[in-house]
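Let's read a structure together, one feature at a time. The learner asks, and the teacher answers with the general idea and then the case at hand.

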Amino acid sequence: MANNITSESKQLATWYFTFAAIIFGAQLLFGLVAAIQYVMPGFLFEIIDFSVARMIHINALVVWMVFAMFGSVYWLLPDETGIETVGIKLGKLLFWIFAAAIVVVVLVYLLVQVGPADETTIWFINEGREYIEAPRWADFGIVVVALGFVANLFLTGMKGQRSGIVTVLMADMIAFSGLYLCGMFFTDNISMDQYWWWWVIHLWVEATWEVFVGALAAYGLITIIGAHRKVVEMWLWIEVAMLFGSGILGLGHHYFWIGTPEYWWEIGALFSALEPLPLVAMFIHVLYDWGKTQGQEMGEGHIDEDHVKSVVTNKPAFTWFVLNAFGNFLGAGIWGFFHTLPQVNLYTHGTQFTSAHGHLAFFGAYATILLGMMYLAIQGSNGIKVLKHTKASIWAVSLITSGVVGMTVALTIAGYVQVLVSRAQMGATWAAYFDGQSGMWFAQAMDWRLVMGAVTFLGFLFLIKDFLSTGKNPVHER
Amino acid sequence: MIDPVIIRPEIALDDFLPIFVSSAFVLIFGGFYVGIYTAVKVNLLKKWTMPIGYFFWVLTAYCLYIMGNLMHVGEFTAKALVVAAFGLLLLPHAVYYMQDNVHEENEH
């Protein structure tokens with residue numbers, strides 16, 4: 001694939017992207033298995049139980065995104081710093097260690113599944129913490145890989161030209177890596193355990209990952225539409241300030257019901273209400289830069305709006321970047337704001353509402369932009385000047401997006417049933433839980449979730465087809 | 001046998017749907033407001049559409065009021081929602097002001 005790449009850092013990025021795409025497929029596949037089990041509870045019973053399928057589904061989600069994020073940094077570093085990444089050989093070695101560790105962890109999840117529920121389980125099978133269930137030996141491996149990655153980034157940033165994007169990434173990646181440590185130790189008290197676990201999950205996705213997305217969006221806008229660097233970086237700093245300003249204490253909305261003091265209600269309510277603001281800002285960011293750059297193009301002699309030359313040099317990537325702006329706003333913003341205040345969260349907490357929010361937010365905020373970065377890498381590695389849409393890329397973006405949106409709507413309906421029946425009418429009892437799940441609306445919503453999951457997977461197959469055929473496709477300008 | 005504790009709903013059953021719909025519209029209308037504001041500023045939309053943008057902010061604030069009212073939010077949360085509403089009103093102005101200055105510095 002990487003025939004036209006002269007930079008070793010970009011070469012390494014393509015490895016990361018390739019592995020990320022494989023794990024993305026695994027995530028969707030095991031998501032489908034879990035969705036089928038909601039509809040047909042006997043499916044793969046005692047072979048791959050729901051708990052195992054779900055564990056692989058959500059852990060694969062985190063892993064492929066982390067791989068794609070590392071890949072994105074290795075891809076943009078030479079462009080941003082003007083030099084080859086420092087310590088690239090170490091980077092390559094760490095990639096193989098990371099990839100091998102993930103393969104072993106997944107095989108253990110699939111073949112061993114459960115342990116004796118003592119220290120052996122924690123060290124060698126899984127830690128039992130959602131999203132970051134890697135056993136402890138793998139945890140240490142991940143820390144070593146992350147430290148090596150951060151060292152590569154810092155040494156390169158300090159030696160080369162340090163753009164605003166690289167500076168933000170340097171600070172962000174320190175926080176990103178450091179926060180992982182909070183998910184590595186146990187306390188006997190479940191409230192305290194959850195307290196620290198949320199430091200990883202919330203402060204990753206609603207602070208450091210969002211800042212990371214801001215940096216990628218900045219790089220993407222400069223690369224794809226030639227947006228003015230100073231303007232883009234100005235936006236980036238505003239977004240960083242707003243994201244950290246609202247995101248860090250927005251953590252409070254996870255502390256409503258886990259046994260933490262009640263002052264978290266007020267803190268969570270205030271900062272959660274402010275959390276959509278940076279997402280709105282990121283949405284305007286793309287619109288603003290696109291409008292300015294395209295307007296400049298029109299101003300330079302191409303007055304005829306019907307025949308104006310597009311400033312977009314990579315259409316599939318730009319489509320995913322625009323979807324990121326909308327998806328972040330919809331998934332993280334709207335679906336998050338639905339149930340972020342404690343008064344209503346009392347009823348929605350732990351229902352399929354959360355799952356609906358999780359699906360659209362992870363897709364909209366992260367998957368989209370990382371897929372856009374993969375398209376940038378494909379463009380660069382194939383020496384393509386203008387990467388155009390193909391039938392496969394249009395099918396991929398349409399099916400994946402409509403599939404995820406469809407799943408989100410279905411899960412929202414299921415969650416609404418749970419809110420009304422299991423929580424409001426029956427008062428959150430054991431019987432209420434089962435009554436809520438056995439209702440017709442809930443069951444039909446889960447059927448539709450499965451259908452839309454299959455649509456998403458079909459879109460993924462088109463995406464892979466497009467990735468693999470781009471190099472030979474004559475439609476692109478070289 | 002001890003009877004299970006039933007948590008009685010503080011929100012009326014019929015109010016859940018309006019709460020979810022109004023909270024969704026808070027951000028949808030809010031998005032329209034900042035979207036129209038930005039589009040007018042970068043000449044993607046004509047200037048006369050700007051009042052429509054502000055009208056969407058009014059709708060945003062109204063939905064926020066409905067949502068808070070139906071949820072029976074406390075005094076503190078009500079103040080937080082007012083801060084968020086005014087934050088949204090000021091946000092595009094402040095951001096555009098800074099952006100425009102950066103553009104001016106770099107283009108002229």
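Q: Before we begin, what does it take for two residues to be in contact?
A: Two residues are in contact if their C-beta atoms, placed from the backbone, lie within 7 Å. Please keep in mind that this is a predicted model.

Q: Good. Which domains does chain A have?
A: Chain A is divided into domain 1 (9-162), domain 2 (175-296) and domain 3 (312-471).

Q: How many residues of domain 2 and domain 3 of chain A are in contact?
A: Here the contact rule does its work: domain 2 of chain A brings 23 residues, and domain 3 of chain A brings 26. On the domain 2 side, helix 7, helix 9 (263-274) and helix 10 (276-299) of chain A each supply at least two residues. Helix 7 of chain A has the largest share there, nine residues. By residue type, that side of domain 2 divides into 16 nonpolar, five polar and two charged. As for the centres of these two domains, taken over C-alpha atoms, 19 Å separate them.

Q: Where does the largest share of the largest nonpolar core come from?
A: A nonpolar core is a set of buried nonpolar residues joined through their C-beta atoms. The largest one in this model has 196 residues, and A:Y16 and A:A68 have the most contacts inside it. Its largest share, 21 residues, comes from helix 7 (residues 190-225) of chain A. That is the helix you met at the border of domain 2 with domain 3.

Q: Which residues is A:A68 in contact with, leaving aside its neighbours within four places in sequence?
A: They are A:Y16, A:F17, A:A20, A:L370, A:M373 and A:M374. A:Y16 is thus on this list, and A:Y16 was also named with A:A68 for the most contacts inside the core.

Q: Now to chain B. What elements does chain B have?
A: Chain B has three helices and zero strands, so its order from the N terminus is simply α-α-α. Of its 108 residues, 37% count as buried. Among chain B contacts between residues at least 6 apart in sequence, 67% join residues at least 24 apart.

Q: How many residues does each chain give to the contact between chain B and chain A?
A: Chain B gives 42 residues and chain A gives 37. Helix 1 (16-41) and helix 3 (75-107) are the elements of chain B that give two or more residues to its side. Helix 3 of chain B gives the most, with 15 residues. The chain B side divides into 29 nonpolar, 12 polar and one charged.

How values were computed:
Residues numbered from 1 in each chain as written. Chains lettered and ligands numbered in written order. Predicted model: local features only at pLDDT ≥ 70, side-chain atom pairs only at ≥ 80, totals over all residues. Helix = DSSP H or I, 4+ residues; strand = E, 2+ residues; numbered from the N terminus. Buried ≥ 20, exposed ≤ 12 C-beta atoms within 10 Å, placed from the backbone. Nonpolar A, V, L, I, M, F, W, Y, C, P; charged D, E, K, R; others polar. Core = buried A, V, L, I, M, F, W, Y, C linked by C-beta atoms within 7 Å. Domains from an automatic or database assignment.
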